[in-house]
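Visitor: Hello! I would like a close look at a single part of this structure, followed strand by strand.

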Amino acid sequence: MNKKKGIIIGVLAVILVAAVGYAIFSDTLTINGTATAKGEFELTYLCEKSTDAECNVSGNTVTTTSTLSKPNDGTGYSVTITNTGSIPAVLKTVTSPNNYGVDDAGDITVGGDVAYIDTTTMLGAQYVVDSDSSGQILGDSAVQAANIVIEPGDSIDIVINHIWFDSSGLDMEQPAIPAEGATINYNLTFGFEQKTN
């Protein structure tokens, strides 16, 4: 009888050790914590213009307005975007009213994103991004593909030109020329993101 009791106690001891071992190895480990990124994401826009023009900045949108007096007149703007924060910024998107592009042969085509022309007034605009790392870039898709990075303290320059096209050179009918000239508004919206790598 003592031998039977000893076997039962031994079996119970083995089961107890197995249960405790299983409980130890199947326990869930939970780690709680908070991660904080340090740094400031901030961009500053500066727009320089000619005398008969307006340039306004609201958030990340630059609005340029000019009144041109006759065909072949034009005016220009220089926009400088400076990274005044402490985190590198990447220019990911540009939204503009561009509706003309350039095909493989260098011909201007409708439906692109290189130049804007309002064919009812023959007023147009174009912008060029001048970046140290990528050179001069034309058009929304080319700018987006360039992945331009502005390091803290660095800048990129954007030149915006307005022009009143002479339609005779474009085989189009010239609209009537108002005595007070013609006004063009051209907006560019820049989308920046924090550099992730």
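How many bridges join strand E8 to E9, and do the two run parallel or antiparallel? Please take E9 as the part to look at, and then show me what else the chain holds.

Guide: Happy to! Please keep in mind that this is a predicted model. To your question: strand E8 (residues 116-118) is joined to E9 by 3 bridges, and the pair runs antiparallel. One bridge to look for puts Ile117 together with Gly124 of E9. The two strands make a hairpin, with 4 residues between E8 and E9. In that turn, look at Met122, whose phi is positive at about 70 degrees.

Now for E9 itself. The strand covers residues 123-131, and 7 of its 9 residues are buried, so you may call it mostly covered; buried here stands for under 20% relative accessible area. E9 also pairs with strands other than E8. Strand E12 (residues 155-164) is joined to E9 by 8 bridges, again in antiparallel fashion. Strand E10 (residues 135-138) is antiparallel to E9 as well, with 4 bridges between them. A good residue to select is Val129: it stands opposite Ile158 in E12, and its bridge partner in E10 is Ile137. As a general note for reading such a strand, side chains in a regular strand alternate between the two faces of the sheet.

From E12 we can step to a loop. Asp73 sits between strand E3 (61-68) and strand E4 (74-83). Leaving aside residues up to four places away in sequence, Asp73 touches Leu68, His162, Ile163 and Trp164. Is Asp73 buried or exposed? Asp73 counts as buried because its relative accessibility is 19%, and the cut-off is under 20%.

The cysteines deserve a stop too. The chain has 1 disulfide, which joins Cys47 to Cys55 with an S to S distance of 1.8 Å. The angle about the S-S bond is 105 degrees, and the link between Cys47 and Cys55 is right-handed. Cys47 and Cys55 are both buried.

Finally, let us step back to the whole chain. Its secondary structure comes to 2 helices and 13 strands. Of its 197 residues, 31% count as buried. The chain exposes about 12300 Å², and 54% of that comes from carbon and sulfur atoms. Among contacts between residues at least 6 apart in sequence, 71% join residues at least 24 apart.

How values were computed: Residues numbered from 1 in each chain as written. Predicted model: local features only at pLDDT ≥ 70, side-chain atom pairs only at ≥ 80, totals over all residues. Heavy atoms only, no water. Buried < 20%, exposed > 50% of the residue type's maximum accessible area, 1.4 Å probe, protein only. Contact = heavy atoms within 4.5 Å. Areas by Shrake-Rupley, 256 points an atom, 1.4 Å probe, with all protein chains shown as cover. Pairing = 2+ DSSP bridges. Disulfide = S-S within 2.5 Å.
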